[in-house]
Amino acid sequence: MRFTFNKSLLVASVLLAISSQSAFATNGMAPIGLGITQKAMGGAAVATSENTMNAGTNPASLSNVDAGWDIGAEVFMPDRSATITGTGFSDGKFNGNEKEMFLIPEGGYKRQLNDKHSVGVVVYGNGGMNTSYDRAIPLFGNTNAGISLEQLVVAPTWSAKINENNSVGVSVNLAYQQFSANGLQNFIGFSSSGGNLTDRGTDSSSGIGATVGWQGKLSPTVTAGVSYRSKTNMGKLDKYKGLFAEQGDLDMPAATTAGIAWQATPKTLIAADVQQIEYSKIKAMANDNTFLTAPTLLGADNGPGFGWKDQTVYKIGVKHQVKPNFAVLAGYNHAKNPLKSSQTQFNILAPATVEDHVTLGGEWKLNDKASLTAAYTHAFDKGVNGSGSILPAGEANLNMEQNAVGIAYSVKF
């Protein structure tokens, strides 16, 4: 009965994730963390073992969490806009918030096989991008402009204890993504496949990657962790092979995370992570917007992209046990946005400008087996002004601010 229930829960989580609306993530294309508890601590998770969702960051943590399951959801509310100046025909402020709220579900499960080995699965939204402008942008086309990218990962996970203080783990990342683009008619002449550039409805692709990790106790109060997520090679988005470089190829970037957790007092845990996201290895994201100054066409093998740089993310979080059944969580997350000021024109579609996030949450123990966690995230308004971004004259200036609230329910076996 228990296995049937948990299997049904997992299937429901996957279906919920697939059917959820797209969302714009906060560290470039990536969420600040995987899991409501982890987000409440600024995303710091590689050296901690709070619940099954930690395995999304570090599969080795599965050895150190209680067997059980977690399910949660976050309501994400980004505020994005673009201001165009100096062109004459396309000047003005454009509001990208026709869709204002997005649901991001999550789920995790662990089963202990024996004293050394654990298995489980984690389901999470890997992030994405969304802009839905309230009108046409004349610089781009004659219909309402915008894009929608949503990414889902289902990660079966295995973890093993090497000894009392060290564990290792591996996840197979089964990924699925959906994408659509609208209002880009003016770029058809700069595309290698103009009929597969814009207004083609929703296309999808799938792919596979892996995450490996280690977690170990350095002392009775200090734990460290390291994980590496490989690039996830996705199938091509054929309906948009005239937009993304390499005929519609949009892979998920690799990421390396290292961190430490310190049980400063019996009631206070402090965790910190550093993460490197390799956007520069994904041509569709990294290549500059050169379609007005070079012969390379959109969708070509080395076609134009969004001009994103690699991103280094700093995460710090605190969990303080106020009383036996209630803990306060808080965190801070910072990463310099990956956009180049010379590349803001195309990034009107993907204004990943935010850099600083503060988080706050609470965890309530309902009984010996169940708990409830709530989290709030605020990403401060951040703008990026263009510098030579629209040729022959003009600039694209971008702004974004974000809020999110989430809740998760956890059960231990």
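Which residue in β14 is the bridge partner of Ala330? In this predicted model, the bridge partner of Ala330 is Leu360. The legends below begin with the strands around that pair.

**Figure 1. Strands β13, β14 and β15 are joined by antiparallel bridges.** Strand β13 covers residues 326-335 and strand β14 covers residues 356-365; the two run antiparallel and are joined by nine bridges. The pair Ala330 and Leu360 belongs to this contact, with Leu360 in β14. On to β15, residues 370-384, strand β14 again makes nine bridges, also in an antiparallel arrangement. Here Val358 is paired with His378 of β15. Four residues lie between β14 and β15, and the two strands form a hairpin.

**Figure 2. Four side chains make a nonpolar surface patch.** The patch consists of Ile316, Tyr332, Val358 and Phe380, and its area is about 320 Å². Val358 is also the residue whose bridge partner in β15 is His378. Tyr332 is part of strand β13. Because its relative accessible area is 36%, Tyr332 counts as partly exposed, a class that runs from 20% to 50%.

**Figure 3. The second largest cavity has a volume of about 210 Å³.** The structure holds six cavities of 30 Å³ or more. For the second largest, the lining comprises 18 residues, and those nearest the centre are Leu34, Gly56, Thr57, Arg229 and Gln275. Two or more lining residues come from each of β4 (117-136), β8 (222-229), β10 (255-265) and β11 (268-277). Strand β8 gives the most, with three residues.

**Figure 4. The peptide bond from Leu391 to Pro392 is cis.** Omega of this bond is near 5°. Pro392 sits in the loop that connects β15 with β16 (395-412).

**Figure 5. Asp199 has a positive phi although it is not glycine.** The phi value is near 55°. Asp199 belongs to the loop between β6 (166-182) and β7 (203-217). Its relative accessibility is 38%, so Asp199 is classed as partly exposed.

**Figure 6. Gln247, in helix α3, also has a positive phi.** Phi of Gln247, a residue other than glycine, is near 60°. Helix α3 spans residues 245-248. Is Gln247 buried or partly exposed? Gln247 counts as partly exposed because its relative accessibility is 31%.

Note on methods:
Residues numbered from 1 in each chain as written. Predicted model: local features only at pLDDT ≥ 70, side-chain atom pairs only at ≥ 80, totals over all residues. Heavy atoms only, no water. Pairing = 2+ DSSP bridges. Patch = residues over 30% accessible without salt bridge, like charges linked within 9 Å, V, L, I, M, F, W, Y side chains within 5 Å. Areas by Shrake-Rupley, 256 points an atom, 1.4 Å probe, with all protein chains shown as cover. Buried < 20%, exposed > 50% of the residue type's maximum accessible area, 1.4 Å probe, protein only. 1 Å grid on protein atoms, 1.4 Å probe; cavity = no way out; pocket = protein on both sides within 12 Å on 5 of 7 lines; lining within 4 Å. Points joined across faces, edges and corners; volume = space filled by probe spheres on them.
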